[in-house]
Amino acid sequence: IETVANIINILLGFLGVIAVIIIIVAGFQWMTAGGNEEKIAGAKKMLGAAIIGLVIILAAYAIAQFVVGNLISETGGNI
């Protein structure tokens, strides 16, 4: 169980880093749009999607921690 929990934590951490990088890229695109409404709209769309993705990743992390924690406490870590 601990190995599975570690793999889940690593994968969710990696996804979180990717989401933050996408947020930074969207912010950079917005800042360099130069008043072009199409570029600003694209950056806003990317930023919104990245934030939603980050919220989903954080929720998945919380759910995984809850489930793995309960499995370990109920089985004594012997599965």
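I looked up the handedness of the α1/α2 crossing first: the crossing is left-handed. The model is predicted, and I keep that in mind for every entry below.

I then checked the geometry of the pair. Helix α1 covers residues 2-31 and helix α2 covers residues 37-75. I find an angle of about 165° between them, with the axes 9 Å apart. Angles over 145 degrees count as roughly antiparallel, so I describe α1 and α2 as roughly antiparallel to each other.

Next I sorted the contact of α1 with α2 by residue class. I list 23 nonpolar, four polar and two charged residues there.

I compared the length of α2 with its expected span. At 1.5 Å a residue, its 39 residues should span 57 Å. The end C-alpha atoms of α2 are 57 Å apart, so the two values agree.

Which residues of α2 are buried? I noted I40, A43, A50, I57, A64 and V68. I also asked what the buried residues of α2 pack against. The partner is α1.

Last, I picked one residue, I23, which lies in helix α1. Its relative accessible area is 23%. Buried requires under 20% and exposed over 50%, so I enter I23 as partly exposed. Leaving out residues up to four places away in sequence, I see I23 touching L47, A50, I51 and L54. Of these contacts, A50 is also among the buried residues of α2. For I23 and L54 I recorded a separation of 31 residues in sequence and a C-alpha to C-alpha distance of 9.4 Å.

Key: Residues are numbered from 1 along each chain as its sequence is written. This is a predicted model: local features need pLDDT of at least 70, side-chain atom pairs count only at pLDDT 80 or more; totals for chains, interfaces and linings use all residues. Side-chain values use heavy atoms; hydrogens and water are left out. Axes are lines fitted to C-alpha atoms, for helices over the stretch in contact, and angles run from 0 to 180 degrees between N-to-C directions. Helices (H or I, at least four residues) and strands (E, at least two) are DSSP runs, numbered from the N terminus. Angles under 35 degrees count as roughly parallel, over 145 as roughly antiparallel, 65 to 115 as roughly perpendicular and the rest as oblique. A crossing is left-handed if the near helix is turned anticlockwise from the far one by less than a right angle, and right-handed if clockwise. Ala, Val, Leu, Ile, Met, Phe, Trp, Tyr, Cys and Pro count as nonpolar, Asp, Glu, Lys and Arg as charged, and the others, Gly among them, as polar. The expected span of a helix is 1.5 Å times one less than its number of residues. Buried means under 20% relative accessible area, exposed over 50%, partly exposed in between (1.4 Å probe, protein chains only). Contact means heavy atoms within 4.5 Å.
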